[in-house]
Structure formats: C-alpha cells, structure tokens
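Biologist: I have a new model to learn from, and I would like to go through it with you. Could we look at it together?

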Amino acid sequence: MQAPAIEARGLSKTFGAGQDAVHALDDVSLTIRENEFFTLLGPSGCGKTTLLRLIGGFEQPSAGDVFLRGQPLTGLPPFKRPINTVFQSYALFPHLTVGQNIAFGLEMLGRPKEERAARVEQMLALVKLQGYANRKPAQLSGGQQQRVALARALASQPKVLLLDEPLSALDLKLRKEMQIELKRLQTETGITFVFVTHDQEEALTMSDRLAVMEAGQILQIGSPTEIYEHPQRRFVADFIGETNFLEARIEAAGSGAVARLACGGALALNGHAGAAASGEPVTLAVRPERAVIAAAGAEGLPAKVGAVVYLGTDTTYHLTLADGTPFVVRTQNSAGARLDLASGAAVTVQIAPAAIQRLAD
C-alpha cells in the first residue's frame with residue numbers, strides 16, 4: 001500500500017509560555033494523498049498557516065510528527081525537505097530576470113547550465129510565459145509574477161508544493177482565472193499541492209479534498225461536495241457558503257422522522273438528518289438554493305417577504321418565518337423562473353427532506 005504524500009500525527013504547536021502562550025494547533029492528525037490538491041481552509045488565526053509551516057519545516061512542532069511518504073520529517077530544516085513553498089508575497093528576486101529567478105533553485109542544487117536552461121524553458125511554457133525570460137519582476141503584472149513564483153517552485157520537481165494564500169493579492173477576475181490555472185498545473189505536473197486559504201470559493205473550485213479548520217483543530221475533511229452538501233457541524237455549515245439554521249425538536253425518530261420547529265411548523269427528515277432520538281433538540285441546516293417559495297396557504301412553513309435582492313444570475317429573497325426566524329431563499333433567474341414578490345407579501349417555504357442536514361453542534 002502506497003504511503004500518503006504527507007501525514008501529520010498528533011501535531012500541536014504552542015507559541016510562548018505561561019499566561020502568554022498561544023496554542024496555534026491542538027492535536028491535529030491528517031493524511032494527504034499522492035497527486036492530490038488538498039486545501040486547508042479556515043478564518044484568520046485558525047492554525048492553517050502554522051500547519052503549513054510545520055509541513056515545510058519553517059516551524060517545529062511542540063508535539064507530534066510529520067511524515068513524507070512514510071519517512072519522518074520532524075527536525076529537518078526546510079532545505080533538506082523535498083518540499084517547495086509559494087508565499088503570498090511571491091518573494092521574487094527583483095535584481096534577477098524571470099529566467100534567473102526560475103533557475104535559482106536549480107543552481108543551488110548544482111544542476112548543469114544546459115539542464116537549467118532547458119528546465120527554464122519548460123517551466124515558462126507550463127505557466128504560459130514564453131518569451132518573458134529576460135524581463136525583470138518589476139516589468140510584470142501581479143498575475144505574471146505569481147506565475148513566475150510557481151514556475152520557480154515547480155522547477156526542481158518537489159514531491160510536495162505548499163501554497164500560502166498565493167492568490168490573495170490579485171484582483172477578483174484574475175484570481176478566478178488563476179484558480180483554474182493552479183488546478184491545471186497540479187494536474188499536469190502530478191505534484192501534491194497543499195493550499196492554504198480563507199476563501200471558500202477558492203477551496204471549492206480547486207480542491208480534491210479540503211480540511212475546514214477552526215481554533216487550531218480540524219473540524220471536517222472531505223471533498224468539496226461532501227463539505228458543502230453534508231456539513232457535520234454548525235461552524236462548517238456557516239463558513240462554507242450561506243446557510244439557514246433552524247432550531248427544532250424531534251417528534252418522531254427513525255425513517256419517518258419529523259422535526260417540530262420553533263415557528264410551529266414541521267419538517268419531514270430523511271434518514272441521515274433524522275438520526276436522533278424522539279424529543280431531542282436539534283439544529284437543522286438548509287442551503288438557500290435548496291428551498292422553494294410557494295404561494296401562501298400551500299403546505300410548508302408560512303413566511304413573509306422582507307428584502308428582495310437581484311444579483312443578475314439569481315435573486316435572493318430574505319424572508320421571516322412565523323416566529324421571526326430569518327430565512328433566505330435563492331432562485332436562479334432562468335426564463336420565467338423569477339418571482340415577482342413585494343416586501344411584506346405572504347408566502348410559503350417548502351423544504352424537501354433531502355435538503356435538510358442535521359448538525360452535530
């Protein structure tokens with residue numbers, strides 16, 4: 001059986017001591033597969049960059065170990081690990097040309113001049129910057145500088161590439177373009193990418209799997225579909241996209257489970273969401289695009305329309321349920337699908353059992 005590209009076992013990291021101690025990571029364990037695009041996702045201060053730095057060797061753990069293809073890395077400095085890093089600032093050498101920047105790591109490894117030149121041309125083609133070898137970084141756009149940083153990191157063919165929020169300095173349109181480019185590069189090179197971001201869209205767009213982090217811990221690991229469609233905890237559901245939360249109590253358990261909401265309405269639950277005992281209080285999560293607005297008096301949850309926000313491709317309806325609970329429904333603006341609803345209008349919210357997720361906390 002092939003060993004994972006990266007394995008973390010019981011990693012903890014504390015900065016400082018005593019009352020000033022900051023516990024950045026708390027007993028984190030995970031495996032990252034070979035040739036995988038793996039993302040560490042979470043808000044600022046959640047520990048994702050600390051975990052990346054432990055993998056890269058820029059920090060040493062307070063407890064636990066890191067393994068690369070089954071071999072321990074703990075204690076090794078960064079230059080002795082077959083791992084490269086692309087930083088948020090790109091860190092290009094301003095006095096060197098693009099070609100010299102890309103060749104720098106190869107030169108440090110003692111590769112022959114002819115091999116370096118050939119590799120530079122390969123990398124320029126890979127990142128679509130043919131003809132830019134003699135330019136200086138100051139002559140490039142932000143997106144082009146990022147491509148050079150990627151080319152330099154990939155030139156030595158590392159086993160793992162770490163990326164610490166490399167897209168954050170780019171404008172929105174370029175950032176979206178580079179999301180596709182990064183995934184293309186990972187697929188073409190076959191190198192394991194470990195990407196750090198606080199941007200949910202980046203994580204969902206590029207990742208094979210992602211880990212959602214909060215307060216130094218990993219809350220859930222899964223594919224983008226698993227994380228979005230089946231969040232296990234309230235923080236995950238709230239952090240990834242927009243979510244409606246409904247407080248309820250289970251009236252009947254099992255395959256025919258029903259949840260009675262605080263607003264007085266009831267929802268039928270599917271088997272997964274209904275895995276709770278009768279009488280147990282639960283929190284339910286419903287994505288705005290999974291709910292439907294029907295006419296007042298129809299079967300479902302009575303509601304009133306508040307704000308209606310037109311977003312071009314879709315429209316968001318901010319509703320209020322009978323007990324005052326806010327609820328958001330989003331519909332695509334396909335032909336004839338847009339609802340003409342005024343603020344204050346009475347409507348009904350309909351939610352299919354498959355759209356409901358019961359959260360662990």
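Biologist: Which residue takes a positive phi in the hairpin of β16 and β17?

Modeller: That residue is G312, with a phi near 85°. The hairpin has three residues between its strands. Please keep in mind that this is a predicted model.

Biologist: What makes β16 and β17 a pair?

Modeller: Two strands pair if there are at least two bridges between them. Strands β16 (residues 301-310) and β17 have six bridges, so they meet that cut-off, and they run in the antiparallel sense. As an example of who faces whom, K304 stands opposite T320 in β17.

Biologist: How do you know that β17 pairs with β18?

Modeller: The cut-off is again at least two bridges. β17 and β18 (residues 326-332) have seven bridges, so they count as paired, also in the antiparallel sense. Here T315 has T331 in β18 as its bridge partner. These strands form a hairpin too, with four residues between them, and G324 in the turn has a positive phi of about 95°.

Biologist: Why is β17 called largely enclosed?

Modeller: A residue is buried when its relative accessible area is under 20%. In β17 (residues 314-321), six of the eight residues are buried, so the strand is largely enclosed by the rest of the structure.

Biologist: What makes α1 mostly covered?

Modeller: The under 20% cut-off applies here as well. Seven of the nine residues of α1 are buried, and among them are K48, L51, L52 and I55. Just after this helix, G57 takes a positive phi of about 90°.

Biologist: Where does α1 appear in the lining of the largest cavity, and which residues make up that lining?

Modeller: The lining residues are L52, R53, F58, T85, F87, L162 and D164. The elements giving two or more residues to this lining are α1 (48-56) and β7 (160-164). The cavity has a volume of about 40 Å³. By kind, its lining residues divide into four nonpolar, one polar and two charged.

Biologist: How do you know that I102 touches V120?

Modeller: Contact means heavy atoms within 4.5 Å, so I102 and V120 must have heavy atoms within that distance. Other residues that I102 touches include M123, L124 and V148.

Biologist: And which nonpolar core has I102 among the residues with the most contacts?

Modeller: That is the largest nonpolar core, which has 36 residues. Alongside I102, the residues with the most contacts inside this core are L150, L161, L163, L182 and F193. Helix α4 gives the most to this core, with seven residues.

Key. Residues numbered from 1 in each chain as written. Predicted model: local features only at pLDDT ≥ 70, side-chain atom pairs only at ≥ 80, totals over all residues. Heavy atoms only, no water. 1 Å grid on protein atoms, 1.4 Å probe; cavity = no way out; pocket = protein on both sides within 12 Å on 5 of 7 lines; lining within 4 Å. Points joined across faces, edges and corners; volume = space filled by probe spheres on them. Nonpolar A, V, L, I, M, F, W, Y, C, P; charged D, E, K, R; others polar. Buried < 20%, exposed > 50% of the residue type's maximum accessible area, 1.4 Å probe, protein only. Core = buried A, V, L, I, M, F, W, Y, C linked by side-chain atoms within 4.5 Å. Lists of a residue's contacts leave out its neighbours within four places in sequence.
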